[in-house]
Amino acid sequence: MTISQSVAITVGDEKHTVPEGMTVIQAMWHLGDAMVKNVGCLGGACGACAIICRLPGQMLPKTALACQTMVSEGLNIRFLQGDPSKKEIAPLPAETPSRETVFQYYPETRRCVACQACTSACPQGIDVMVGVREAMIGDLALVAERFTTCVMCGFCAAVCESRIRPHRMGLYARRLAGAFYPKPPTQLDMRIAEISSGQFDREWNDVMQAAQNA
Ligand code: SF4
Ligand code: SF4
Ligand code: FES
């Protein structure tokens, strides 16, 4: 039998010992926390589990996603308590959008002073500042592309001294790009062709059989 090693972690101000080899979310479950908030997809896609963490010896903390971060000795963890930045009701325009379309709902975007704090804070490695600058010059298709992997954790807005909401502006740009600069869905077409060719028939039948046997 393999005996797993333990590691000491700190969550908030509380010290705990948990088995190594777990993600931070799994460690919270292990500690008996039901995690009714600060958790969602468990796949690094929803941004609900945003944390600030620091290892011993590190000068500065870094941002991360708890479902994608393994516990390690001395890890200090704080969960971000939600994203308080305001959501705008931003409908799609009737005509081709410009930067003024974005500024109408996110006027603060123009205040960017290029400090790079948002880029440094992004756990997804997005160059958020460049995305904001692209919005300032009106290249909305580029903005949309840049924010494709945004998980809406809100760290970028939380650190912005100019009170810009890059992620919400980026999401709006993604909606605009989808409506006005659509790209052919090549990956989707490829997957549909694979399914149509019968490539997954065996797996599908296994699932259906399992459902009948349940
Ligand atoms: S933190 Fe704010 S001001 Fe600084 S680069 Fe990012 S959007 Fe611009
Ligand atoms: S762009 Fe902002 S909201 Fe999106 S993942 Fe990066 S820090 Fe989080
Ligand atoms: S639970 Fe969704 S990103 Fe971690």
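Which elements cover the buried residues of helix 4? The views below concern a predicted model, in which local features require pLDDT of at least 70, side-chain atom pairs count only at pLDDT 80 or more, and totals for chains, interfaces and linings use all residues. Residues are numbered from 1 along each chain as its sequence is written, while chains are lettered from A and ligands numbered from 1 in the order in which they are written.

**View 1. Helix 4 and its cover.** Helices (H or I, at least four residues) and strands (E, at least two) are DSSP runs, numbered from the N terminus. The buried residues of helix 4 are Val-128, Met-129, Gly-131, Val-132, Glu-134 and Ala-135. A residue is termed buried if 20 or more other C-beta atoms lie within 10 Å of its own, exposed if 12 or fewer, and partly exposed in between, with C-beta atoms placed from the backbone. The cover over these residues includes helix 2 (99-105), helix 3, helix 5 (140-146), helix 6 and helix 7. Just after helix 4, Gly-138 adopts a positive phi of about 85°.

**View 2. The shell around ligand 1.** Ligand 1 is surrounded by 15 residues, and the closest are Cys-112, Cys-115, Cys-118, Met-129 and Cys-160. A residue is near a molecule or strand if its C-beta atom, placed from the backbone, lies within 6 Å of it. Helix 3 (117-121) and helix 4 (128-136) each contribute at least two residues to this shell; the largest share, 3 residues, is that of helix 4. Met-129 appears both among the closest residues to ligand 1 and among the buried residues of helix 4. By class, the shell comprises 13 nonpolar residues, 2 polar and no charged. Here Ala, Val, Leu, Ile, Met, Phe, Trp, Tyr, Cys and Pro count as nonpolar, Asp, Glu, Lys and Arg as charged, and the others, Gly among them, as polar.

**View 3. The shell around ligand 2.** Around ligand 2 there are likewise 15 residues, the closest being Cys-122, Cys-150, Cys-153, Cys-156 and His-167. Helix 6 (155-159) and helix 7 (166-180) each supply at least two residues of the shell. Its residues divide into 11 nonpolar, 4 polar and no charged.

**View 4. The open sheet.** Five strands are arranged in the order 2-1-5-3-4 as an open sheet with mixed pairing. Strand 2 (14-19) and strand 4 (62-65) occupy the edges with a single partner strand each, so one side of each has no neighbour in the sheet. From one strand to the next, the twist averages 35°. For this value, axes are lines fitted to C-alpha atoms, for helices over the stretch in contact, and angles run from 0 to 180 degrees between N-to-C directions. Two strands pair if DSSP finds at least two bridges between them. Strand 1 (residues 6-11) runs antiparallel to strand 2, joined by 6 bridges, and parallel to strand 5 (residues 75-79), joined by 3 bridges. Ala-8 stands opposite Thr-17 in strand 2, Val-7 has Val-18 of strand 2 as its bridge partner, and Thr-10 stands opposite Asn-76 in strand 5. Strand 3 (residues 50-54) pairs with strand 4 in the antiparallel sense over 4 bridges, with Ala-50 opposite Leu-65 in strand 4.

**View 5. The hairpin and His-16.** The hairpin of strand 1 and strand 2 has 2 residues between the strands, and Gly-12 takes a positive phi near 65° there. His-16 belongs to strand 2 and counts as partly exposed because it has 16 C-beta neighbours inside 10 Å. Leaving aside neighbours within four places in sequence, His-16 is in contact with Ile-9, Val-11 and Leu-31; contact requires C-beta atoms, placed from the backbone, within 7 Å.

**View 6. Positive phi in two loops.** Most residues other than glycine have a negative phi. Asn-38 has a positive phi near 65° and lies in the loop between helix 1 (24-30) and strand 3. Ala-114, not a glycine, has a positive phi of about 60° and lies in the loop between helix 2 and helix 3. Asn-38 is partly exposed, with 19 other C-beta atoms within 10 Å, whereas Ala-114 is exposed, with 12 C-beta neighbours inside 10 Å.

**View 7. Helix 8 and model confidence.** Of the 11 residues of helix 8 (residues 186-196), the number buried is 0, so the helix lies largely in the open. Gly-198, which follows helix 8, has a positive phi near 90°. The protein chain averages a pLDDT (the predictor's confidence in each residue, from 0 to 100) of 94, and 99% of the residues score at least 70. Confidence is lowest in helix 9 (residues 201-213), at a mean of 90, and highest in helix 4, at 98.

Conventions:
Contact = placed C-beta atoms within 7 Å.
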